[in-house]
Amino acid sequence: MSLQCPPADWYKAPEGAEKMWIGLALVWCFVLSLMMPYWHFRGKQNSRGETYSVTPAAFRERVERFIADNKVGDRQGMPIAQPAPGGDAYLLASMWSWYPILKLQKGETYRIHMASADLNHGFSLQPLNMNFQVLPGYDHVLTLTPTSSGEFTIVCNEFCGIGHHMMIGKILVE
Ligand code: CUA
């Protein structure tokens, strides 16, 4: 029976291969722990953690204003907005879309404001694999300089309900 006490002499100190694997696992734990601060300073895809509080309604208003001022087209009803180089761009996450499509220029730097209108979503830019949390109530500003051109897909990587798998957005870089 599983609730019975083990025999009094059950413990044996690890030896041989077991001891070696415990040692390797311990060393690997230290390596991974050190990689966290290392990439904080050396990584090229880190967020500065620049965030501001914003209500979902106020953020939606900024997004609409941004689109009205910068719209250059649309794709299947989704507006495409092209911010000025060096300027601000807005991206609204909500169940279940990324709004609008952003059109950026390679080599230019942008401030991308991201917030959610409802619940926690995950911004995951593919195929580069850049990942950030998108929360309601917080304007998270990413300072971003595209280094390659093409069409990039944003997928949501936080489960956000029945349409989660359809929550796909686009960033176009030319
Ligand atoms: Cu949004 Cu999953």
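How much space lies in the second largest pocket? In this predicted model, the second largest pocket holds about 170 Å³ of space. Its lining is made up of R75, Q76, M78, W96, S97, W98, I101, M166, I168, G169 and K170. Strands β5 and β12 each supply at least two of these residues. The largest share comes from β12, with three residues. By character, the lining divides into six nonpolar, three polar and two charged residues.

The largest pocket has a volume of about 370 Å³. It is lined by 18 residues. Those closest to the centre of the largest pocket are Q45, M130, L144, T145 and P146. Three elements give two or more residues to this lining: β9 (130–134), β10 and β12 (168–173). Strand β10 provides the largest share, three residues. Ten residues of the lining are nonpolar, seven are polar and one is charged.

Strands β5 and β10 also take part in a sheet. This sheet is open and has five strands. Their order is β1-β10-β7-β4-β5, and the pairing is mixed. Strands β1 (50–53) and β5 (97–99) stand at the edges. Each has a single partner strand, so one side of each is left without a neighbour in the sheet. From one strand to the next, the twist averages 25°.

At one edge, β1 pairs with β10 (residues 138–144). The two strands run in the antiparallel sense, and four bridges join them. Within this pairing, Y52 has D139 of β10 as its bridge partner. A helix also packs on the sheet: α2, residues 56–70. Helix α2 touches β4 (88–94), β5, β7 (110–116) and β10. The direction of α2 makes about 130° with that of β4.

Another helix, α1, spans residues 16–42. Residue I22 lies in α1. Is I22 buried, exposed or partly exposed? Its relative accessible area is 45%. A residue counts as exposed only over 50% and as buried under 20%, so I22 is partly exposed. I22 and L128 are 106 residues apart in sequence. In space, their C-alpha atoms are 34 Å apart.

Methods
Residues numbered from 1 in each chain as written. Predicted model: local features only at pLDDT ≥ 70, side-chain atom pairs only at ≥ 80, totals over all residues. Heavy atoms only, no water. Pairing = 2+ DSSP bridges. Axes fitted to C-alpha atoms, helices over the stretch in contact; angles between N-to-C directions. Contact = heavy atoms within 4.5 Å. Buried < 20%, exposed > 50% of the residue type's maximum accessible area, 1.4 Å probe, protein only. 1 Å grid on protein atoms, 1.4 Å probe; cavity = no way out; pocket = protein on both sides within 12 Å on 5 of 7 lines; lining within 4 Å. Points joined across faces, edges and corners; volume = space filled by probe spheres on them. Nonpolar A, V, L, I, M, F, W, Y, C, P; charged D, E, K, R; others polar.
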